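Visitor: Could you walk me through this one? I'd like to start with how the chains meet.
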Amino acid sequence: MERQVTISNFQLMSLIVISTIGASSLYAPAALARYAERNSWYLVIAGGLAGILNMFVFLALNRMYPDKNLIRIFKHVLGPWLGGLLAFAFVCYFMDITAWVLREFAHFFIIALNPIIPQSWYLAVGVIMGAYAVSRGLEAFSRVSEIVLFVIVFAFLGIYIVLISQYHPEYLLPVLENGWLEPLSGIVPVATWLGDLMFISMMLNHVRRTKKTAAFAVGAVTITTVLLLLSVLSCTMMFGAKTAATFTYPSVSLIQNIRLFRYIERFDAALVAVWVMSSFIKISVYLWATLQGLADLMKLEKPRLFLVPLSAGIYVCAKFKIWGLIELGTFYEKQAWFFYLFQFVIPALVLSIAWLRGDGQKAEVGA
Amino acid sequence: MNRGQTEFKEDLRASVGILKELMQHSDDLVFIDRELASGEPIKIAYVHGLTDDRKLEYLLAKAKEFGDADFPFGSDDRLSTAEQAADCLAAGQAVLLFSDPPGAAAIDVLGVQLRGVEEPSSESTVKGPRSGFTESLTNNLALVRYFCPSPQLKVQHRKIGRLSRTNIAVLSVAGVTNPRILEELHLRLDEITTDLLLGSTTIEEWIADNRGTMFPLLESTERPDRVVGALMDGRIAVMVQGTPFVVLLPFVFLQAFQVGEDYSWNYYIGSMLRLLRIFCGLIGMLLPAFYVATITFHHELVPTALLQSIAAAKEPVPFPAVVESFAMMFAFEIMREAGVRMPKQIGQAVSIVGALILGQAAVEAGIVSPIMVIVAALTGICTFTLPPTAMNYAIRLLQFGMTFLASILGYVGVVAGIVVLLTYLASLRSFGVPYLGPAAPFNALELTDVVIRRPATWNVKRPTLFRAVNPYRFRGGDK
């Protein structure tokens with residue numbers, strides 16, 4: 001289905017930024033404050049570096065096998081049995097992530113916006129949007145991501161700038177009073193937020209290859225890190241770290257403090273737009289990755305036929321996955337290793353095996 | 001229309017018989033006897049009423065002076081079969097039948113009463129050229145040549161329609177237009193198998209990349225200046241005999257908000273008007289949806305004082321906002337359609353009765369709230385600012401869909417609708433050009449030329465979107 005599909009570097013960048021910034025910017029200020037209090041910004045920078053490291057694993061794999069996605073790389077490096085098993089696990093992981101994102105998407109609206117509309121409706125909207133985007137193809141939703149990128153970046157920047165008069169920079173002091181190492185106890189959750197960029201392992205072989213691809217990818221992580229940093233900084237400077245830690249969605253509380261011309265307030269609608277758009281892109285990329293992975297794993301001729309059953313499966317998964325937001329939040333924090341395993345550890349292991357097999361040198365000679 | 005291979009006979013009467021047979025013994029077919037300078041008898045055939053009297057009289061009077069192979073009227077053509085001769089007769093040419101050797105030739109004597117060049121009613125302008133195309137292909141070509149007297153302007157004629165044999169002309173600029181797009185166009189024109197080609201819309205539907213979409217994938221215009229501008233961007237124009245609408249391709253979404261007049265004003269004004277139209281397009285599509293979503297689900301987002309006045313106005317109305325909204329939007333569409341179909345003088349009466357009396361009465365009767373009337377009126381007026389193309393209708397249809405989504409899911413539904421719409425638009429292409437370009441794929445420089453109107457001196461390059469062969473309008477060095 002996706003034979004000659006190509007996306008540009010800028011589109012890759014947009015997809016990465018949108019998929020990594022959406023959820024994290026909502027939770028980050030609260031979740032990170034629990035680990036590092038007013039030094040959350042430091043944790044974000046450390047997480048950004050981890051994200052760049054994670055990115056290079058996939059870029060290195062792509063450099064070795066420019067025409068293969070992660071699923072095919074597994075089969076190639078580890079053989080049909082072990083590789084196939086791992087590939088299957090990753091397809092399940094992609095599906096699982098889609099379901100997580102979908103559930104997050106629904107929860108946000110129920111809690112922050114409107115509890116009247118039932119959860120299933122929100123789930124249905126999310127999965128229909130994603131399935132529709134996947135049915136129109138990678139190129140279509142990558143183009144949309146370019147528009148969405150601007151909406152999101154300007155919306156976030158706008159929010160932080162409008163609040164500038166209400167910041168208390170003194171809330172950030174003292175800086176790193178407990179040393180450099182202690183705040184790093186929360187590095188794994190931050191790394192998993194940025195690790196959401198792992199979907200690119202299924203996409204890099206579709207990117208129109210230029211010398212700048214790596215630069216754009218690193219640029220994407222940088223943009224996410226900066227936006228995340230701004231979100232954490234403004235929440236800390238606005239509420240103080242201890243209060244920020246108590247909010248479910250500190251960014252929403254942040255927006256509720258905006259008041260323009262002494263009359264216009266409640267800019268929550270802007271956040272709805274940002275959240276729907278970013279979730280849309282994230283659901284689409286992961287659903288696309290699931291379908292693509294399934295197609296490669298089972299050598300499907302018409303993966304399109306599997307889109308509807310797959311989406312229905314993800315809907316059911318999302319609905320019965322957890323009972324509520326608290327369980328979701330706890331899982332993200334306590335079981336972050338689960339995500340990190342798939343995002344970084346296994347791909348890094350496979351990369352090392354590929355190096356040991358000598359595939360890297362072949363690629364270098366070829367290049 | 002007749003693809004047989006009937007030869008002409010030595011006996012002129014036999015040839016006449018064949019032609020009559022082919023023309024279904026039509027009563028308006030006329031045959032006149034004449035002799036050439038050599039004394040050879042010939043027959044001149046034409047269809048009565050389709051000819052220009054002066055040209056015909058000249059032909060009849062001069063026939064005696066003709067040699068075997070000189071014909072004074074241009075567009076002359078030796079015909080080898082009777083079927084070709086019948087095609088020519090039907091197209092308004094006179095056919096000369098010879099007996100020695102048997103054969104025929106066609107001479108253009110077409111003369112049909114058509115209207116002259118007028119200001120196009122669908123694309124009127126305050127400032128800027130006022131001539132518009134007519135129904136005559138020849139005149140239309142002449143107009144374009146007049147506006148762009150360049151030897152690089154290339155015209156390719158074709159006939160389409162198995163029965164109608166409609167003349168069409170494909171216009172491009174050699175050295176600017178991308179030959180691959182031109183080739184693709186000809187391939188698509190080859191595929192048209194219809195028997196009747198009437199107007200430009202049929203051709204649009206045949207050659208568009210996606211036939212199942214309500215968004216226009218090709219542009220149509222009545223203005224020669226717009227055609228010339230498009231040609232200079234590397235686009236292609238297709239003219240069809242019998243319609244003043246010229247098809248321009250490729251076409252991208254954001255061009256629907258452009259008007260030729262933008263270039264007749266100073267660039268600040270041009271840019272402001274263009275932004276205004278885009279903004280109005282958004283309001284036209286989304287305002288009722290946002291109103292319904294806010295009233296139904298998100299009252300807490302409205303400032304309290306405003307909410308109070310809305311609530312007071314809505315208090316006597318027994319219907320939910322979505323019903324009110326659909327009723328008003330539907331009524332507005334009816335009034336608009338009535339206004340268009342009615343003769344001009346009555347059209348005004350419809351709008352007065354509709355807008356003033358119906359609206360006022362509906363509010364007083366407590367059927368709709370005044371706020372809803374304001375919303376519907378503002379929405380309607382905003383769609384009037386867009387050029388009257390298929391895009392305008394698409395946006396009006398979308399407002400119903402968006403309002404429906406808003407009524408069940410609030411803002412989430414509206415934004416989800418926008419996202420799905422964007423995905424759909426992003427998946428469309430017009431002759432291979434992404435429909436949402438230059439916004440997605442993003443090109444900042446070209447986006448400034450589409451969303452605002454740049455000073456003419458900045459337009460050093462042509463848009464890359466249309467893949468022009470020569471990317472430069474002029475070299476920027478010698479200022």
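Guide: A definition helps before the counts: two residues are in contact if their C-beta atoms, placed from the backbone, lie within 7 Å. Please also keep in mind that this is a predicted model.

Visitor: OK, so how many residues does the contact take from chain B and from chain A?
Guide: On that criterion chain B contributes 24 residues to the contact, while chain A contributes 31 residues.

Visitor: And which helix gives the largest share of chain B's side?
Guide: That is helix H13 (residues 390-427) of chain B, which supplies 13 residues of the side that touches chain A. By class, that side of chain B is made up of 19 nonpolar, 4 polar and 1 charged residues.

Visitor: What ipTM does the predictor give the complex?
Guide: The predictor gives an ipTM of 0.91 for the complex, together with a pTM of 0.88.

Visitor: Where is confidence lowest in chain B?
Guide: In chain B the lowest mean pLDDT, 73, falls in strand E3 (residues 77-79), whereas the highest, 95, belongs to strand E9 (residues 236-240). Chain B as a whole averages 86, with 96% of the residues scoring at least 70.

Visitor: Switching to chain A, at what angle do H1 and H10 pack?
Guide: Helix H1 (residues 9-36) of chain A packs against helix H10 (residues 268-298) of chain A at about 115°, and their axes are 8 Å apart. H1(A) is therefore roughly perpendicular to H10(A), and the crossing is left-handed.

Visitor: Which residues meet there?
Guide: From H1(A) they include Leu15(A), Ile18(A) and Gly22(A), and those in H10(A) include Trp275(A), Lys282(A) and Val285(A). By class, this contact has 6 nonpolar, 4 polar and 1 charged residues.

Key: Residues are numbered from 1 along each chain as its sequence is written. Chains are lettered from A and ligands numbered from 1 in the order in which they are written. This is a predicted model: local features need pLDDT of at least 70, side-chain atom pairs count only at pLDDT 80 or more; totals for chains, interfaces and linings use all residues. pLDDT is the predictor's confidence in each residue, from 0 to 100. Helices (H or I, at least four residues) and strands (E, at least two) are DSSP runs, numbered from the N terminus. Ala, Val, Leu, Ile, Met, Phe, Trp, Tyr, Cys and Pro count as nonpolar, Asp, Glu, Lys and Arg as charged, and the others, Gly among them, as polar. Axes are lines fitted to C-alpha atoms, for helices over the stretch in contact, and angles run from 0 to 180 degrees between N-to-C directions. Angles under 35 degrees count as roughly parallel, over 145 as roughly antiparallel, 65 to 115 as roughly perpendicular and the rest as oblique. A crossing is left-handed if the near helix is turned anticlockwise from the far one by less than a right angle, and right-handed if clockwise.
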